[in-house]
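Student: I have a structure open and would like to work through it with you. Could we take it one question at a time?

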Amino acid sequence: MAFLLKNFLQSILKILAKTYLWRRKPLVIVVAGTANRHWLKENILSGFNKKKLLCRVSQKNFNAEIGLPLSILGIFPDENQRGKINRWFFALKKGLKIAFKKNVGEKEVLVLEMAIDKPDDMEYLLSIARPDIAVFSAITMIYPENFDNLDEIAMEYRKLIAALPKNGLALLNADDRRIIGLGQYTGAKVITYGVENQNADYFAQDIQKITTGQQFKIQTPEMTGKNIEIKRFGKHHIYAELVKEVILNKIINDQIPITIQ
Amino acid sequence: MFQRTQNINLSPIKTMELLASKISDVVSLAQGIPSFDTPSIIKRAAIKALNRGVVAKYSLTYGLSELRETIEQKLAEDNMFYDFEKEIIVVAGSIDGITAALIAIIEQNKDEIIIFSPDYTSYAETIKVSGGKPVYVNLSEQNNWQIDFDELSAKISPRTAAIMFSNPNNPTGTIFSKDNLLRLAEIAASNNAFIISDEVYKDFVYSDTDYPKPNEPIGKALFSLAEISELRKRVIRIFSLSKAYAMAGWRIGFLHSDEENIQEILKTHDSLVTCAPVISQHAALAALDFAGKEIDMFRYEFQRRRGLTCKYLNELSDFFSYHKPIGSYFIFPRVLKYPQTKVDAKKYKNYLTPEQMESPSWQFALDLLYQARVAVVPGLAFGPAGENHIRLSFGRNKKDIDKAMGRIRKFLTSNF
């Protein structure tokens, strides 16, 4: 019974999410990888916010077969609401309203995650939403139980990068050999970022830990040595900052790959 | 034999619980655990992890990477910025974290740890277990249990390895002001001492009102020295999920500090427990992600129970005086009058130390236990300044508080 109910719910949510995407045509950015997705999303959001563009970011863990459509619709069911059926009834009712809302409003940017727990998860998620831009962080051994090795996880991400349109964009972490290896499976434009691999298009160098955070310089094809100071500690924040820089330069300023206003 | 453990005592709270367990129908306001069960969303996550077969192996000594990422995010919400990869360790409850930190920082010629009195009863024993010497600095009761800086300045020395304290304070419920904490940090810095800030009750900070209405915003943010980036190398902050998420039995918490300190603490944490229980780490992930509303509910309930306990104490103002706690779920009244009828403390010499047998607060706690059938913690358990006080927990449910306070009232009014 629970299985049937879940399948039913999943199907309805998928239809509603696809309807929403078809009607609103947002710019879809998918953040993928086994680590650092939160800060990448936060920095992407901050990039768009800086330019006062409408951007919505998925909540943590709303990224699988049920969570992804909910994220697209912008519904986050209250786990504390009494009764599972009640909770989902209200979620579906709300989803229906959002998907078929008369006024589609201004163009928005949707920043989503696609979580893969096991092989073939990605295919289902891609049947709900196709990315315009995909940002890949790293492949680490976080979800090992259903994958034999890290290469198997990379195989799933291959499906995601292959789903990008020709005028799409892939942002790849140049420091992760499996991520950088994904570049060959897309016809979309590829931009790389990194702190170790000097061949990265967006490269952070002269990294220094200071009392209040980190200082570094960003080397890009367009400019040399832009000084950045962040109030955060850890390499993952530098990656997030590099991605933000790409968002600001390539997507917002150069309007690549898709007009968003 | 047992040379190391000769001077180490069982926690007085456990002693009281042990004595109470031998008497029928005792109501306990002694143990510092909330009356609530772990929220179901957390239990479901643990069951899911168990069924997925991901809990049987060790995690990294640091803890699960995804949990530490979440901890970093939660800390950032509270204005504390730490790198999940190198600056956060998931620990098996705050005592594991405290012990690991103490073992790492105590040195042969820098072996004194300043603790406040009153403060958490296990600090002194943990310091001794870690090879250090506890040095008490009394909080000023007249000044609402704030830090006595004159005494602190007098007691701190080049031998001081750290100043360790709970904030909100257990047992007084005091919160140290930002100004006082910064002053404390200055004193620590001038003596090259660490600061170990135990903030397990940080989610239970209350507003002034006794009986808040449902959905009334009551929580207050707690300032932590770990927010000051200039103090990152000096401050080791500890947090446990035991109280905030009603997860005491799961033994899960975390500590964070600058990478330099964490590298050393990691070694001792590894030697002590290898890693925090992995099933609890999965549960903690769900707690931090999804159980915010439960904390709000707990805080609301505790604030009402604080109001209830204060009401009873106000009715007993001939016997007790107290400062209304702002945080935690404890109240620490001073005993103004001791009853005539006393139980013979010497009868319990197998459980009590000689000092405890002579202590008025122990005597009073035993009187309450054996004559009123209410378990409380004697104030001496929290250091010398705790004498002549008792600790009452309003973490228990309303029924227990009503019953216990009713019994205390009856006992006191019939013994004078």
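Student: Which elements cover the buried residues of α2(A)?

Tutor: Good place to begin, and keep in mind that this is a predicted model. The buried residues of α2(A) include A:Trp39, A:Leu40, A:Ile44 and A:Phe48. Chain B takes part in covering them, through α3 (65–77). From chain A, the cover includes β1 (27–32), β2 (55–57), β3 (109–113), β4 (133–136) and α8 (235–253).

Student: How far apart are the end C-alpha atoms of helix α2 of chain A?

Tutor: Let's work it out from the length: helix α2 covers residues 37–50 of chain A, which is 14 residues. At 1.5 Å a residue the helix should span 20 Å, and the model agrees with this, because the end C-alpha atoms are apart by 20 Å.

Student: Which residue with a positive phi follows α2(A)?

Tutor: Look just past the end of the helix, where the phi is near 55°. The residue there is A:Lys52.

Student: What is the radius of gyration of chain A?

Tutor: First, picture what is being folded: chain A has eight helices and nine strands. For 261 residues the globule rule gives 18 Å, and the value for chain A is close to that, so the chain is as compact as a globular protein of that length. The radius of gyration itself is 19 Å.

Student: What share of the contacts in chain A with a separation of 6 or more comes from residues 24 or more positions apart?

Tutor: Here we set aside contacts with a separation below 6 and ask what part of the rest joins residues 24 or more positions apart. That share is 66%.

Student: Which element of chain A has the lowest mean pLDDT?

Tutor: The average pLDDT over chain A is 89, and 93% of its residues score at least 70. At the high end of its elements is strand β5 (residues 169–173), with a mean of 97. At the low end, with a mean of 81, is helix α4 (residues 84–99).

Student: Which element gives the largest share of the side of chain B that touches chain A?

Tutor: In this interface, 20 residues of chain B are in contact with 16 residues of chain A. On the chain B side, α2 (40–52), α3 and α10 (278–290) each supply at least two residues. The largest share, four residues, comes from α3(B).

Student: Which strands stand at the edges of the open sheet in chain B?

Tutor: Follow the order of its eight strands, β2-β9-β8-β7-β6-β3-β4-β5, with mixed pairing. A strand at an edge has a single partner, so one side of it is left without a neighbour in the sheet. The two edge strands are β2 (88–91) and β5 (146–147).

Student: How many residues lie between β8(A) and β9(A) in their hairpin?

Tutor: Strands β8 (residues 213–219) and β9 (residues 226–230) of chain A run antiparallel and are joined by five bridges. Across the pair, A:Gln214 stands opposite A:Ile230. In the turn, A:Gly225 has a positive phi of about 65°, and the number of residues between the strands is six.

Student: Is B:Thr274 buried or exposed?

Tutor: B:Thr274 lies in the loop between α9 (259–273) and α10 of chain B, and it touches B:Tyr58 and B:Thr61, leaving aside residues up to four places away in sequence. A residue with 12 or fewer C-beta neighbours within 10 Å is exposed. B:Thr274 has 11 of them inside 10 Å, so it counts as exposed.

Key
Residues are numbered from 1 along each chain as its sequence is written. Chains are lettered from A and ligands numbered from 1 in the order in which they are written. This is a predicted model: local features need pLDDT of at least 70, side-chain atom pairs count only at pLDDT 80 or more; totals for chains, interfaces and linings use all residues. pLDDT is the predictor's confidence in each residue, from 0 to 100. The expected span of a helix is 1.5 Å times one less than its number of residues. A residue is buried if 20 or more other C-beta atoms lie within 10 Å of its own, exposed if 12 or fewer, and partly exposed in between; C-beta atoms are placed from the backbone. Two residues are in contact if their C-beta atoms, placed from the backbone, lie within 7 Å. The radius of gyration is taken over C-alpha atoms; the globule rule is 2.2 Å times the number of residues to the power 0.38. Two strands pair if DSSP finds at least two bridges between them.
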